[in-house]
Amino acid sequence: MKSQYRAALSVPEIESRYPDEWVIVEVTKIDKIKGPLFGRVLAHSRNRRDLVKINRAFSQRNPRRMTYVFFAGPVAPEGHTVIV
């Protein structure tokens, strides 16, 4: 797990910097339906479990701030289809 990067970045920029990793960001700008557009990376890791304590601690210290945890890579392996 790597530590923080403090500059606000767009979600696509974050995805390109941390390919195939889980990322937690402090959301700094949202769209009309409250989807995250920009944020500050709090942590990133190949293992999602590494981010749980960081997210919980950040949320407890900053209850009015929004976080976004996502995987910066393909949702399904190439050649597979996801049905929701």
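Colleague: What makes a residue count as buried here, and what share of the 84 residues in the protein chain do buried residues make up?

Modeller: This is a predicted model, and buried residues make up 27% of the 84 residues. The cut-off is a relative accessible area under 20%. Take Val23, which lies in strand β2: its relative accessible area is 0%, which is under 20%, so Val23 is called buried.

Colleague: What does Val23 touch, leaving out residues up to four places away in sequence?

Modeller: Val23 touches quite a list, including Ile14, Tyr18, Val41, Leu51, Tyr68 and Val69. Look at Phe71 too: 48 residues separate Val23 and Phe71 along the chain, yet their C-alpha atoms are 6.3 Å apart. For the whole protein chain, take the contacts with a separation of 6 or more: 60% of them are between residues 24 or more positions apart.

Colleague: Why is the protein chain called as compact as a globular protein of its length?

Modeller: The radius of gyration is 13 Å, and the globule rule gives 12 Å for 84 residues; the two values are close, so the chain is as compact as a globular protein of that length. The C-alpha atoms fill a box of roughly 40 × 30 × 25 Å along the principal axes. Inside that box, the secondary structure comes to two helices and four strands, in the pattern β-α-β-β-α-β along the sequence.

Colleague: What is the order of the four strands in the sheet, and which are the edge strands?

Modeller: The order is β1-β3-β2-β4, an open sheet with antiparallel pairing. β1 (8-10) and β4 (67-71) are the edge strands, as each pairs on one side only. On average, neighbouring strands are turned by 45° against each other, direction ignored.

Colleague: How do you know that β1 and β3 really pair?

Modeller: Two strands pair if there are at least two bridges between them. β1 and β3 (residues 36-45) have three, in the antiparallel sense, so they meet that cut-off. One pair you can look up is Ala8, whose bridge partner in β3 is Arg40. β2 and β3 pair over eight bridges, and five bridges join β2 to β4. Trp22 shows both of those pairings: it stands opposite Ser45 in β3, and its bridge partner in β4 is Phe71.

Colleague: Which strands does helix α2 touch?

Modeller: α2 (residues 52-61) packs on the sheet and touches β2 (22-30), β3 and β4. The direction of α2 makes about 165° with that of β4.

Colleague: How do you know that Arg65 and Glu26 form a salt bridge?

Modeller: Their side chains come to 3.3 Å, N to O. The limit is 4 Å, so the pair qualifies. A search of the whole structure finds one salt bridge. Arg65 lies in the loop between α2 and β4 and Glu26 in strand β2, so the pair ties together parts that are 39 residues apart in sequence. At 47% relative accessibility, Arg65 is partly exposed, whereas Glu26, at 5%, is buried.

Colleague: Why does Glu21 have no salt bridge?

Modeller: Compare the distance with that limit. The nearest side chain of opposite charge, Arg46, is 4.7 Å away; a salt bridge needs the atoms within 4 Å, so this pair is not counted. Glu21 is buried all the same, and its place is in the loop between α1 (11-17) and β2. Leaving aside neighbours within four places in sequence, Glu21 is in contact with His44, Ser45, Arg46, Phe70, Phe71 and Ala72.

Colleague: What makes the phi of Asp20 and the phi of Lys34 worth a remark?

Modeller: Most residues other than glycine have a negative phi. Asp20 is not a glycine, yet its phi is positive, about 60°. Lys34 is likewise a residue other than glycine with a positive phi, near 65°. Asp20 lies in the loop between α1 and β2, while Lys34 belongs to the hairpin of β2 and β3, which has five residues between the strands.

Colleague: Why is Lys34 called exposed and Asp20 partly exposed?

Modeller: Exposed means over 50%, and Lys34 has 58% relative accessibility, so it passes. Asp20 has a relative accessible area of 39%, which falls between the 20% and 50% cut-offs, so it is called partly exposed.

Conventions
Residues numbered from 1 in each chain as written. Predicted model: local features only at pLDDT ≥ 70, side-chain atom pairs only at ≥ 80, totals over all residues. Heavy atoms only, no water. Axes fitted to C-alpha atoms, helices over the stretch in contact; angles between N-to-C directions. Contact = heavy atoms within 4.5 Å. Buried < 20%, exposed > 50% of the residue type's maximum accessible area, 1.4 Å probe, protein only. Lys, Arg positive; Asp, Glu negative; His and termini not counted. Rg over C-alpha atoms; globule rule 2.2 N^0.38 Å.
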